Each structure stands twice: as C-alpha cells, then as structure tokens.
Amino acid sequence: MSARIDETGIKIGMWLFLYSEIILFGGLFVLYAAYFHRYPEQFAVGGKELNRIIGSINTVVLLVSSFAVAASITAIQRDARKHTIGLLLFSLCCGCIFLVNKYFEWGAKIHHDIFPNSDTLVNGEPGVNIFFGLYYVITGLHGLHVIIGMILLSISLVLVLMGKVNKSRFAMLDNSGLYWHLVDLIWIFVFPLFYLVL
Amino acid sequence: MKNVPLRKNVMTDHEDTHHVLSYGQLGAVLAVLLTLTGITVGVSYVHLGFFNVPVALAIACTKVTFVLLFFMHLKYEGPIIVISFLSTVAFLMIMIGFTFWDVAFR
C-alpha cells in the first residue's frame, strides 16, 4: 500500500498537455501570419489602434508574476511556507491586474465601435476586420487561459495552506506554475505581433 | 513500518531530480526578460520596414527561451521532456513554415 509517487510521470503528463496548448495557439498564429501577408497595410492600421502602453504594462505584469510563481516553487522546496503563500498571493494579484487592464482595453475598443460585427468593422476595410477578429479571438482565448491559470494557482494556494502541498510533495504547485508560465509564453508572442510589429 | 525506508527513498529521488534555483538566479532571469521587453518596445519605434517583424520575433524567441529554460526548469529536466518539447517545436515550425510557404508563393 505504499504510495510511490511518480514525479516524472506527473510532469510528463503536464508537458503533454502544454504541447497541445502550444499547437492550439500555433494554429492561430498561422492564421495571423497568412492574413498579415495578405493585408500588411490594413494590419498596420489596426495595430495603431491598440494601446502600446497598456500592452507593455501587461507584459511586465505577466513577467513579474511568472517570476513570483517560479520563486514560490523555490520557496516550497526550501520549506519557506510563508514565502510561498506571499508569492502566490502576489501572482494572483498580478493576474487580476492583467485582467482589469484587458477589461479597460477591450472596453475602449468596444466604445469606439470596434468589436466583431460592429458597423465600423463590417463596412470598413476587410483587413482591419480580420485583424480585430484575430485580436479578439487570440487575446480572448489568452484571457481565458489567464483565468484558468489563476484558478489553478488558487487551488495550489489552498493546498499549501492546508499543508497538502509541502516540501516533499508539490507537484500540484509545480504543474500550476508550468501552466502559468505557458500563459506568459503565449503573451510574449501576442504582444509584439499585435501591439508592436506594425 | 516497512513504508519508512521507501518514503525516504522517494525523498532522496526527488532531491536528485529537482534542481532548486535561488531567488537571485530567478531575479536575474526576470531582469533579462524586462530588459528585452524594453528593447522590443524601443525597436518598434524605429522604422525598419519589413525587418521590424523578424527583429520582434527574434527578441520574443529569446525571451521565450529564458522562460522555458529557467522558470519552467527545462534546463534541468530529463531527456524525455526535452526531446518531446523539441519535437513539438519542430512540428510547429513545419506547420507554420509550410502553411506560410504555400500562402506566400501561391
């Protein structure tokens, strides 16, 4: 009845899931590349509408939160439970800041009549319509991943508080961390493609 | 009673496989990532025409490499995860490369 824990197996399982996520977003980036090739000028027009400052702030927020999650795993391995809890709470705050920024960003776009099937986009240039279509799909799916990542981190935080995630057993926190870093990875590509390239 | 030595085994196993990065090392990685973010934002204001795209993507790839190697511990993982990850990247390159090739030279 000994509970032998297959740490490597747990990790490989998580990575396999992450590969499917990478391919999912990879497919969307293929779409972006193909339409960017067809409508480069109109993508530039669309890109100029996006707020670089909010985009940059969100990039920094996600990078810092990724650091905090990585540090929380270091802390749990060193048995520094308070550090782990603090760092996880900090990462969750960063996730909230990201989503609030996204809310204001999307809100401003919608206020300017830029949203799927809005009159401005439907009657405007086709490239601009496709640019914002991709913008909403990719940042929306990414936002959903941020929410899922925050849920996973919250579950890990509760388990740390209950003592079920500890120095000798922290696969849940480790895997939630991997998911959170994946969210960061995707944003690292989304940010230049939508906000900067044009 | 018999479980005790087994448990110990698990713990030593686990100390072998887990490389603990210090806060300082992680902080250094964060500093690199923030610097690269600054560079990519700065470069985007310089008009390089077509070259803006490869420059932005090259910086993004560098950042991603740092996140993968250190935050995601890929540098310290065994061959199974490293090889399967590289295969995924290779598949992604084929998917993006061939689709784009088709679209660009149609």
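Start by selecting chain B: of its 106 residues, 18% count as buried. Keep in mind as you look around that this is a predicted model.

**Stop 1: chain B on its own**

Color chain B by secondary structure. You should find four helices and zero strands. Walking from the N terminus, the order of elements is α-α-α-α.

**Stop 2: where chain B meets chain A**

Now show both chains. Here 42 residues of chain B are in contact with 39 residues of chain A. Which helices of chain B supply at least two residues each to the side that touches chain A? Select α1 (3-17), α2 (23-44), α3 (52-71) and α4 (79-104) of chain B, and you have them. The most comes from α4(B), which gives 12 residues to the side of chain B touching chain A. Try coloring that side by residue class: 28 of its residues are nonpolar, 13 are polar and one is charged.

**Stop 3: a pair of helices across the two chains**

Next, select helix α3 (residues 52-77) of chain A along with α2(B). Their axes lie 10 Å apart, and the helices pack at an angle of about 165 degrees. How do they run relative to each other, roughly parallel or roughly antiparallel? An angle over 145 degrees counts as roughly antiparallel, and α3(A) and α2(B) are therefore roughly antiparallel to each other. The crossing of α3(A) past α2(B) is right-handed.

Zoom in to see which residues meet. On the α3(A) side, pick out A:S56, A:T59, A:V60, A:L63, A:V64, A:F67, A:A70, A:A71 and A:T74. Facing them in α2(B) are B:Y23, B:L26, B:L30, B:L33, B:L34, B:T37 and B:V41. By class, this contact of α3(A) with α2(B) has 12 nonpolar, four polar and no charged residues.

**Stop 4: one leucine up close**

Select B:L26, one of the residues in the α2(B) list. Setting aside its neighbours within four places in sequence, B:L26 is in contact with A:F67, A:A70, A:A71 and A:T74 in chain A, and with B:L21 and B:F70 in chain B.

**Stop 5: the largest nonpolar core**

B:L26 also leads us to the last stop. The largest nonpolar core has 65 residues, and A:V190 and B:L26 have the most contacts inside it. To see where this core comes from, select α1 (7-38), α3, α4 (81-111), α6 (126-162) and α7 (171-196) of chain A, then add α2 and α3 of chain B; each supplies at least two residues. Finish on α7(A), the source of the largest share of this core, with 17 residues.

How values were computed: Residues are numbered from 1 along each chain as its sequence is written. Chains are lettered from A and ligands numbered from 1 in the order in which they are written. This is a predicted model: local features need pLDDT of at least 70, side-chain atom pairs count only at pLDDT 80 or more; totals for chains, interfaces and linings use all residues. Two residues are in contact if their C-beta atoms, placed from the backbone, lie within 7 Å. Ala, Val, Leu, Ile, Met, Phe, Trp, Tyr, Cys and Pro count as nonpolar, Asp, Glu, Lys and Arg as charged, and the others, Gly among them, as polar. A residue is buried if 20 or more other C-beta atoms lie within 10 Å of its own, exposed if 12 or fewer, and partly exposed in between; C-beta atoms are placed from the backbone. Axes are lines fitted to C-alpha atoms, for helices over the stretch in contact, and angles run from 0 to 180 degrees between N-to-C directions. Angles under 35 degrees count as roughly parallel, over 145 as roughly antiparallel, 65 to 115 as roughly perpendicular and the rest as oblique. A crossing is left-handed if the near helix is turned anticlockwise from the far one by less than a right angle, and right-handed if clockwise. A nonpolar core is a set of buried Ala, Val, Leu, Ile, Met, Phe, Trp, Tyr and Cys residues joined through C-beta atoms within 7 Å.
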